[in-house]
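Trainee: Could we go through this fold together, a bit at a time?
Mentor: Sure, have a look at it and then ask away.

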Amino acid sequence: MTDTIEEALAEIIFDGDGLVPAIAQQYDSGEILMVAWMNRDALRATLTEGRVCYWSRSRRKLWRKGETSGQVQQLREMRLDCDGDAVLLLVDQHGVACHTGRRNCFFRAWRGGLGWVVVTEPQVDPDTLYPPETRQPGAGG
């Protein structure tokens, strides 16, 4: 399996920082959950373990989704876009995906003259997911 994973990684085009954007989508509903970044090691870990692992740009380390919050993403399928420079992760999201306590990270909608409007309220208090002393700006877990 290692050879197959290495062959798959060889087809992915990483940016100058060694990263590729990753879109997480709920496998059965099609709901877009979040966008994050993956490096070669995160992709390898995800394909090997079946649990989604990202690269945290703020922490500068691998970040297994749910390691702090318990809100795990299990990989169902990984797809590569036509240019080879973005991946789509079809996942089974356990709990909420967003560090704000919402099901997904896309909770603000542009409403013309009103600007950005919050259209989804948190399902979980973020302080129960991430104690304030462990939180970093813009970083989920």
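**The sheet and the core**

Mentor: The order β2-β1-β6-β5 makes up an open sheet of 4 strands with mixed pairing; strands are DSSP runs of E, at least two residues, and helices are runs of H or I, at least four, numbered from the N terminus. Strands pair if DSSP finds at least two bridges between them. This is a predicted model, where local features need pLDDT of at least 70, side-chain atom pairs count only at pLDDT 80 or more, and totals for chains, interfaces and linings use all residues. Residues are numbered from 1 along each chain as its sequence is written, and side-chain values use heavy atoms, leaving out hydrogens and water.

Trainee: Which strands stand at the edges?
Mentor: Look for strands with a single partner, because one side of each is then left without a neighbour in the sheet. That picks out β2 and β5 (73-80).

Trainee: How many bridges join β1 to β6?
Mentor: These two strands run parallel. Ala22 stands opposite Val87 in β6. The bridges joining β1 to β6 number 5.

Trainee: Which element gives the most to the largest nonpolar core?
Mentor: A nonpolar core is a set of buried (under 20% relative accessible area) Ala, Val, Leu, Ile, Met, Phe, Trp, Tyr and Cys residues joined through side-chain atoms within 4.5 Å. This one has 23 residues, and Met38 is one of those touching the most other members. Elements giving two or more residues include α1 (2-10) and β2 (32-38). With 4 residues, the top giver is β2.

Notes: Buried means under 20% relative accessible area, exposed over 50%, partly exposed in between (1.4 Å probe, protein chains only).
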